[in-house]
Amino acid sequence: MPDPDESAPPAFATPTASRRYAFGSADSIEDPPRTPTRSSLPKSLPLRRANSQTMLANARAFAERQCFSTPLAPSLALSSLDLSMDQRKEQLEDELVPSILEVSNKSGFASSLYRDLASDEEIKAFLQKADVYDWQNQRWLLPESIKGLKESEIQKPLVELLNAILEHFWGEEFARGLRKVVDTHTTPLPHKEAVETDYKSRPDCSVKAEGPSFQLPHQETKEDIGYSNMASFFEFKVEAKRLGFIKELLQVAAYVRQMFIQQPNRQFIRALLVSEQRFTLFHFDRSGVQHSQEFDLGNTQSQYLFVRLVVGLCSPHESDLGFDSSIQWEIENGRKASGTLKTRGDDCNGEITYTLANVDPIWSSFSIRGSCTTYWRVIDPQSGEKRLVKDSWRREGRESEKTFLEKAKGLPGVVQMIHCEDNRAETKIFRGFIKGSDVPENFQNLIAIRIIMKNSGRLLIEFTSAQELVSAFQDAIAGHQLLYEIKILHRDIAMHNILLGEPGAEPGNRGMLAGLDMAIFIDSDREIPESNVNGRSGDRTYWPIASLGRKNPDDDSYDGPHDHLDDLEAFLYVFAYMTHGYNPQGAMFDKASQELDREARGVVRPVKAPVSWSPGSFLGPQSSPNPCLDDPSETTPNRGTSSRLITIGRNQGSHKRAPEEDPDDQPESKRSGYDAEGPDEDPKTPSRPRGRARIPVIRGELTLSSPLRPKDSSVKKAL
């Protein structure tokens, strides 16, 4: 490392004439990009220089206060965005197992639900006259549990039982088709992922729904049932062929994940796993999963509870199902045609209703657990201008994003908040933890927050010229420095957190930083609470190398807390992503690059048509379109493999997986010849990649020792 007194590159370099580069919009698709004259370079905000002495002083001060960063959640990054079902289950296990919470049947969680929908008297009246129940012997008319019992033998009786409950308690809605129990154990339901996928799965029994939050599936299915119009589902098992708790949980979670993806205003989902003897209630929300203990279907009290839970899971009231009713759609011919979003802020009088500019969110998460950010593009009812609405979940005790945006008011290069609706919902309320003493020690409460911003929500991948893209990066980086000068460190530089400015915007606002939910004040002492069981999650594609390897502050290899240099490194990776995936006009290079068009957690928007050009990049055809490969001709064995994902080594989960495979989770191509009595043998999937991080920077591999961070013994000593 150079001596502090020697000159060194500035922390925030000011562009000079000798370093300026730009790309003209006149470049044709057929010809390599050419460098235009220097006069075409867009103006940028001046950035202050900082010598190495200042950098070291800042690093020492930061290290003394910020002893360590938010711990990392288990890695969810794999080799492809279109994972096999086995890989997806591994991912779900990493995501959900740390959050599993079992509540005692004596706690009252399950028994307290839906009491306003079905009283004991109403349930008793139903049982006395129901054809599916033997009132004299106090038992359901289900096959007896014997060793040779097959799942196909309990399928039909259970579907009839569920439909009988639905018809009795929701007769009008049942007659109108608003709710219907459908046998889907032979109906493949299509998945949605960040990229196109052929995978499908089959819950045993689904509750088909109609209403302002439901629409027909994006692919044709039997009886027009899919995850986009599913109120809930029921999974059936026979006691003699149980798969083990973790295996059954992951199967249920795979269906729940698709419901969250295809129902973007869903806040929680509940489902029942039922056998001929027992049933278990699962509750999923952004804090993870909570489940009851098993209830005995032969117990009279549990029979009443079972009926009440089925009534609630089939409810025609969307709030009972876990929907955010502030977002509603008009349905035409079974599809969402238009919609509205209502919000209330601290600085506005009453409720404001925005019109959705797009019926689908422009960006959304593909996870069950975590902040699960969703961006909506809306139209202001007064000005008619487009606004950006961000829905997300923050950990209780973490500084609200509202605080950082208020302090950043007026800063160029940073999104400007119009108003904020905080504390919209809490996951602890969904789970019945009303009193503070009821909250388990290992539970992490998440709070819903909605922020309305002035930006129209133009994503970075919507750029139309190289000049627009480079200008956006210039101003976003300048905005990052301005935040740093007011003691705010962003810490989450990623594709969806860099937005394009309005067309024709002045220098300083041609690109804007958003997503300050992971930000911190760098001049305040900070401790990570023990209750932070989630850890830092999210897409790690653009995370700096040091962050990927940053674990224990007591480790000799510990590289210090996340600081501004890590953010600048992340800017580099986002820029590398753009320059290797798109030409200067904003079109993708080839079909293989389409996986580069969406975030690992999903930009939900039409993909731009790829251009027919020889393999090249934003920088010219001499660069490989796949920066992660040493050889441009190298291919990977996995179907749909993304060239841009970072892959890092990870520790295996502590739970052992059961050897059995459930056929309902296999893609249609793998389930030909499936017999309902037992699953086909599932082909072995490629093992999960391990080892060093593969970073999309031009070419080659980089180890977990970042060359971009200044090293100094005094700084390391301070840590």
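**Figure 1. A hairpin of 2 residues joins strand S10 to strand S11.** The model shown in this and the following views is predicted. Strand S10 comprises residues 278-285, and its pairing with S11 is antiparallel, with 4 bridges. Within this pair, His283 lies opposite Gln290 of S11. Strand S11 also pairs with strand S1 (residues 101-103); here the two strands run parallel and are joined by 3 bridges. On this side, Val103 stands opposite Ser292 in S11. How many residues of strand S11 are buried? The strand spans residues 288-292, and 5 of its 5 residues are buried, so S11 is largely enclosed by the rest of the structure.

**Figure 2. Helix H3 crosses helix H4 in a right-handed sense.** Helix H3 covers residues 120-129 and helix H4 covers residues 151-169; their axes come within 11 Å and cross at roughly 125 degrees. H3 is therefore oblique to H4. The residues that H3 brings to the contact are Glu122, Ile123, Phe126 and Lys129, while H4 brings Ala164, Ile165, His168 and Phe169. Sorted by class, the contact of H3 with H4 consists of 5 nonpolar, 1 polar and 2 charged residues.

**Figure 3. Strands S19 and S20 form an antiparallel pair.** Strand S20 comprises residues 446-453, and 4 bridges connect it with S19. One of the paired positions is Met417, whose bridge partner in S20 is Met453. Is strand S19 largely enclosed or largely exposed? Of the 5 residues in S19 (residues 417-421), 4 are buried, so the strand is largely enclosed by the rest of the structure.

**Figure 4. Three strands form an open sheet in the order S21-S23-S24.** The pairing in this sheet is antiparallel. Which strands stand at the edges? The edge positions are held by S21 (458-459) and S24 (511-513); each has a single partner strand, so one side of each is left without a neighbour in the sheet. Helix H11 (residues 466-485) packs on the sheet and touches S21, S23 and S24. The direction of H11 makes about 35 degrees with that of S24. Strand S23 (residues 498-500) is joined to S24 by 3 bridges in the antiparallel sense. Ile498 has Leu513 in S24 as its bridge partner. In a regular strand, side chains alternate between the two faces of the sheet.

**Figure 5. Tyr114 has a positive phi although it is not a glycine.** The phi value of Tyr114 is about 60 degrees. Where is Tyr114 found? Tyr114 belongs to the loop between S1 and H3, the strand and the helix that appear in the views of Figures 1 and 2, respectively. The relative accessible area of Tyr114 is 8%, which is under the 20% limit, so the residue counts as buried.

**Figure 6. Asp224 is a residue other than glycine with a positive phi.** For Asp224, phi is near 55 degrees. The loop that holds Asp224 runs between strand S7 (205-209) and strand S8 (230-236). Why does Asp224 count as partly exposed? Its relative accessibility is 35%, a value between the limits of 20% and 50%, and Asp224 therefore falls in the partly exposed class.

Conventions: Residues numbered from 1 in each chain as written. Predicted model: local features only at pLDDT ≥ 70, side-chain atom pairs only at ≥ 80, totals over all residues. Heavy atoms only, no water. Buried < 20%, exposed > 50% of the residue type's maximum accessible area, 1.4 Å probe, protein only. Pairing = 2+ DSSP bridges. Axes fitted to C-alpha atoms, helices over the stretch in contact; angles between N-to-C directions. Parallel < 35°, antiparallel > 145°, perpendicular 65-115°, else oblique. Left-handed = near helix turned anticlockwise from the far one by under 90°. Contact = heavy atoms within 4.5 Å. Nonpolar A, V, L, I, M, F, W, Y, C, P; charged D, E, K, R; others polar.
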